[in-house]
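Colleague: I would like a close look at one part of this model, the sheet and what packs around it. Please take me through it in one go.

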Amino acid sequence: MSDPTIKGLPPPPTKYDGSPFRIAIVHARWNDAIIKALLDGTVKKLKEQGVKEENIVIKSVPGSYELPFAAQKLIEAGKTQSSNAAPSMLASTTNLLSLIDNNPTAPASTTPQPAQSSTGGASTAPFNAIIAIGCLIKGSTMHFEYICDAVTHGLMKVQLDSGTPVVFGVLTALNDDQALERAGIGRKETKGHNHGEDWGLAAVELAAQTSDWQKGIL
Ligand code: RBF
């Protein structure tokens with residue numbers, strides 16, 4: 001990380017356990033070499049934090065402009081999948097108490113709770129966090145400015161409207177080298193820093209804190 005303008009995420013005050021969580025990553029395909037490095041860094045850190053591979057869902061969209069819409073639809077899809085899976089619990093012999101409203105262990109149907117799978121397979125719980133990954137590189141027209149603005153505001157709106165954290169994994173670079181160095185694949189010897197790693201950490205931190213706050217734990 002030789003460029004002093006490239007800063008990584010300062011360590012969180014506590015280490016968060018990602019093992020209960022289900023996380024969706026949606027990434028753009030423009031600038032694919034940079035996206036691939038960012039995606040790899042993100043997944044690596046999610047796993048290091050304990051998120052299970054089967055609870056990481058990865059989807060792609062054409063470009064960054066599509067990220068807010070896709071993030072919103074993924075959040076909805078996670079909730080729909082969770083409620084579709086609920087009737088099968090009636091036939092299950094496990095955890096029937098969780099169906100009683102007042103039971104403190106009962107998962108709410110619409111608010112994301114930690115991912116749970118009685119079978120040990122992939123979770124069908126609502127997503128605890130979304131990570132939106134894109135890379136916008138300034139060209140010679142005004143496209144960059146419009147897309148950066150729309151995506152930034154769009155992703156913020158999605159998380160505030162949905163109550164599901166959406167990590168802003170979008171590089172907005174003035175040239176190729178800036179983007180490469182922020183994906184850890186710079187052309188100089190030092191390579192830079194992979195911000196995807198920060199986004200994986202941020203997702204687990206936000207998922208853990210949101211899960212606590214929804215239960216009134218501060
Ligand atoms: N998408 C990106 O993710 N990164 C870019 O740097 C990028 N640059 C674009 C430049 C132009 C001139 C156009 C027309 C599109 C660009 N897009 C880029 C794609 C955009 O995010 C979106 O996918 C398309 O506009 C279709 O809605």
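**The sheet and its surroundings**

Modeller: The model is predicted. Its open sheet is built from 4 strands, ordered S2-S1-S3-S4, with parallel pairing. S2 (56-61) and S4 form the edges, each pairing on one side only. From one strand to the next, the twist averages 15°.

Take the pair S3 and S4. These two strands run parallel and are joined by 8 bridges. Within that pairing, Leu136 has Thr172 of S4 as its bridge partner. Helix H1 packs on the sheet and touches S1, S2, S3 and S4, and its direction makes about 155° with that of S3. Helix H5 lies across S1, S3 and S4, running at about 160° to S4.

The packing continues into the largest nonpolar core, which has 47 residues. The members that touch the most others are Ile23, Ala71, Ile130, Ile131, Ala132, Val167 and Ala203. Two or more residues each come from strand S1 (23-28), helix H1 (32-48), helix H2 (67-91), S3, H3, strand S4 (166-173), helix H4 (176-182) and helix H5 (195-214). H5 gives the most to this core, with 8 residues. In soluble globular proteins, nonpolar side chains tend to be buried together.

Ala203 gives a view of this core from a single residue. Leaving aside residues up to four places away in sequence, Ala203 touches Ile23, Leu46, Ala129, Ile131 and Val167. Of these, Ile23, Ile131 and Val167 are also listed among the core members that touch the most others.

S3 also takes part in the surroundings of the ligand. The shell there holds 15 residues, and the closest are Ala28, Trp30, Gly63, Ser64 and Tyr65. Strand S3 (129-137) and helix H3 (143-162) are the elements that give two or more residues to this shell. S3 gives the most, with 4 residues. By type, the shell divides into 8 nonpolar, 6 polar and 1 charged.

Helix H3, which contributes to both the shell and the core, also contains His153. His153 counts as exposed because it has 11 C-beta neighbours inside 10 Å, and the cut-off for exposed is 12 or fewer. His153 and Pro68 are 85 residues apart in sequence, while their C-alpha atoms are 8.7 Å apart in space.

Conventions: Residues numbered from 1 in each chain as written. Predicted model: local features only at pLDDT ≥ 70, side-chain atom pairs only at ≥ 80, totals over all residues. Near = placed C-beta within 6 Å. Nonpolar A, V, L, I, M, F, W, Y, C, P; charged D, E, K, R; others polar. Core = buried A, V, L, I, M, F, W, Y, C linked by C-beta atoms within 7 Å. Buried ≥ 20, exposed ≤ 12 C-beta atoms within 10 Å, placed from the backbone. Contact = placed C-beta atoms within 7 Å. Pairing = 2+ DSSP bridges. Axes fitted to C-alpha atoms, helices over the stretch in contact; angles between N-to-C directions.
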